[in-house]
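Visitor: I would like to learn how to read cavities, sheets and helix packing in a model. Please start with the cavities.

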Amino acid sequence: MQPAVVHAVEGIRVFRQSRQESGRDGSPYFGKAFTRPDARIAGGMAVYADSPDSRPHDGISVTLQNYYIMNEDDLNRELQVQVSLKLLESLEQSHRRYRNLVDTLADVVFEHDENGIAFLNAAWMRHYGHPIDGSLGAELGQFILPEDRSLLDAWLANTRQDSGQPSTVELRLLDANGEPHWVEIHGRHDRDSQRHTGLIRDITQRKRAELDLRESERHFKDLADTAPVMTWIAGPDQLCTHFNQVWLDFTGRTLEQEAGNGWAEGVHPDDLDHCLEVYVESFNARQPFSMDYRLRRHDGEYRWLQDNGAPRFDAAGCFLGYIGSCLDITERKQSEQYFKALVEASPSVLLLVNERGVVTQVNQALERLFGYAPHELIGHPMEMLVPKEHRRQHEKDRASYQACPSPRGMGAGRFLAGLRKDGSIFPVEVGLSPVVLDGRRHVIGVVVDVTERQRSAEDMKELNAELERLVLMRTTQLESANAAKSQ
């Protein structure tokens, strides 16, 4: 015998002959099939070993002790059996892996054909309590709330018509206790197998949240429509989505007309740029805002509104947009304008000072009397108008007044002096009136220059003194004359 190299066919035991047929002890442990050019098997060869120690390995040269050539039919039958067994074993392993994987999914996996439910994973039992064996073969509609079965039938028909295209339907599925659960069925129809395959996802919690949200929105809308103020809501894209009935009655427009940026069409052209600037900057910074602007009423008149907006966030901190309310402040604006005209026309200096002693408002008379432009004093302590040698005492007097504020007339108290921007000092009288603005205590001060009055008083005093001197002198003269006459 000549040495020969034989290679094993891994995974397939092709030859299994009896000792009588082979005439040898032991069974073949590998073989090689021979094929024709057209890929049909022509024959095969089996290698036997006299003892286990003499078994060759793949790719190792051995001396053939004995060999057996099978005919083509026997070889084909043996190959078909062995290949079929191997494929069946592989399929069974794949099926077990697939089943284990599918059973771990949280969603229900199903297959449904003309005979009913053909497959369900373990989530069916976990979520809804229906035994899988008892559910197979049943119609899926048997587990759907009667009122929703038409939705399932329509979904099955539509997916069958659009075979291969996935689609979704939401309906209520009954558990083993008869309790309904909202589910989302997502799947498609396979034309080849004539089966529907898909997922059943429980969306009960989401539906409850949506219902609660709708109820909350309805409740909010009812409250907003009965509120005496104009309200609006904007989404995270800065576009308005809701205006209450008070707003719509004010503008005389529909919700569709006002939605988005439609509301801006009614803003006065002189106020529009400032209004949009405040709105957009506050929106981007997620900060509250308050602004005044004029909005056209249904009769064409522009009315002043005070618009207060605040950002909205959900429980998780996600930005939802803005909510705002508007008050008609036209009468207040008019009163402010009238008051401002009166204040500016006053010859006396008027100051508004907050509880920290900082000037917040002044009229134009300040510049005439003290030499400061309004912007030079606003935001600074009022002690700027007091001579340096009197400031410490003035701060104590101001704190004492703030502790027990009350109206104080002009001229009450001791002599006061004012300090001009050029450093000159002059006499003043000050009247004080406490007021509360925006919940904070302020003081209105009225300052009057009494230089001329003091000068007139001094002139009058001098005149009186001169008169008294003249009277005294004349009296002395008369007395002297009378004495001389008596002598």
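Guide: On a 1 Å grid over the protein atoms alone, a cavity is a set of points where a 1.4 Å probe fits but cannot get out, and lining residues have an atom within 4 Å of a point. Grid points are joined across faces, edges and corners, and a volume is the space filled by probe spheres set on the points. This is a predicted model, where local features need pLDDT of at least 70 and side-chain atom pairs pLDDT 80 or more, while totals for chains, interfaces and linings use all residues. Residues are numbered from 1 along each chain as its sequence is written, and side-chain values use heavy atoms, without hydrogens and water.

Visitor: How many cavities of 30 Å³ or more does the search find?

Guide: The search of the whole structure finds one. The largest cavity holds about 50 Å³ of space.

Visitor: Which residues line the largest cavity?

Guide: Its lining consists of Trp232, Cys240, Phe243, Trp247, Trp263, Tyr279, Tyr293 and Asp307. Counting Ala, Val, Leu, Ile, Met, Phe, Trp, Tyr, Cys and Pro as nonpolar, Asp, Glu, Lys and Arg as charged, and the others as polar, the lining has seven nonpolar, no polar and one charged residues.

Visitor: How is a sheet read?

Guide: Strands (E, at least two residues) and helices (H or I, at least four) are DSSP runs numbered from the N terminus; two strands pair if DSSP finds at least two bridges between them. One open sheet has five strands in the order E12-E11-E15-E14-E13, with antiparallel pairing. Strand E12 (240-243) and strand E13 (289-296) are at the edges with a single partner strand each, so one side of each has no neighbour in the sheet.

Visitor: Over how many bridges do E11 and E15 pair?

Guide: Strand E11 (residues 230-234) and strand E15 (residues 319-328) pair over five bridges, in the antiparallel sense. Trp232 has Gly324 in E15 as its bridge partner.

Visitor: Which helix lies across E11, E12, E13, E14 and E15?

Guide: Contact means heavy atoms within 4.5 Å, and angles run from 0 to 180 degrees between N-to-C directions of axes, lines fitted to C-alpha atoms, for helices over the stretch in contact. Helix H9 (residues 269-285) lies across those strands, at about 150° to E13. Helix H10 (residues 330-345) also packs on the sheet, touching E13, E14 and E15, with its direction at about 120° to that of E14.

How values were computed. On a 1 Å grid over the protein atoms alone, a cavity is a set of points where a 1.4 Å probe fits but cannot get out, and a pocket is an open set with protein on both sides within 12 Å along at least five of seven lines; lining residues have an atom within 4 Å of a point.
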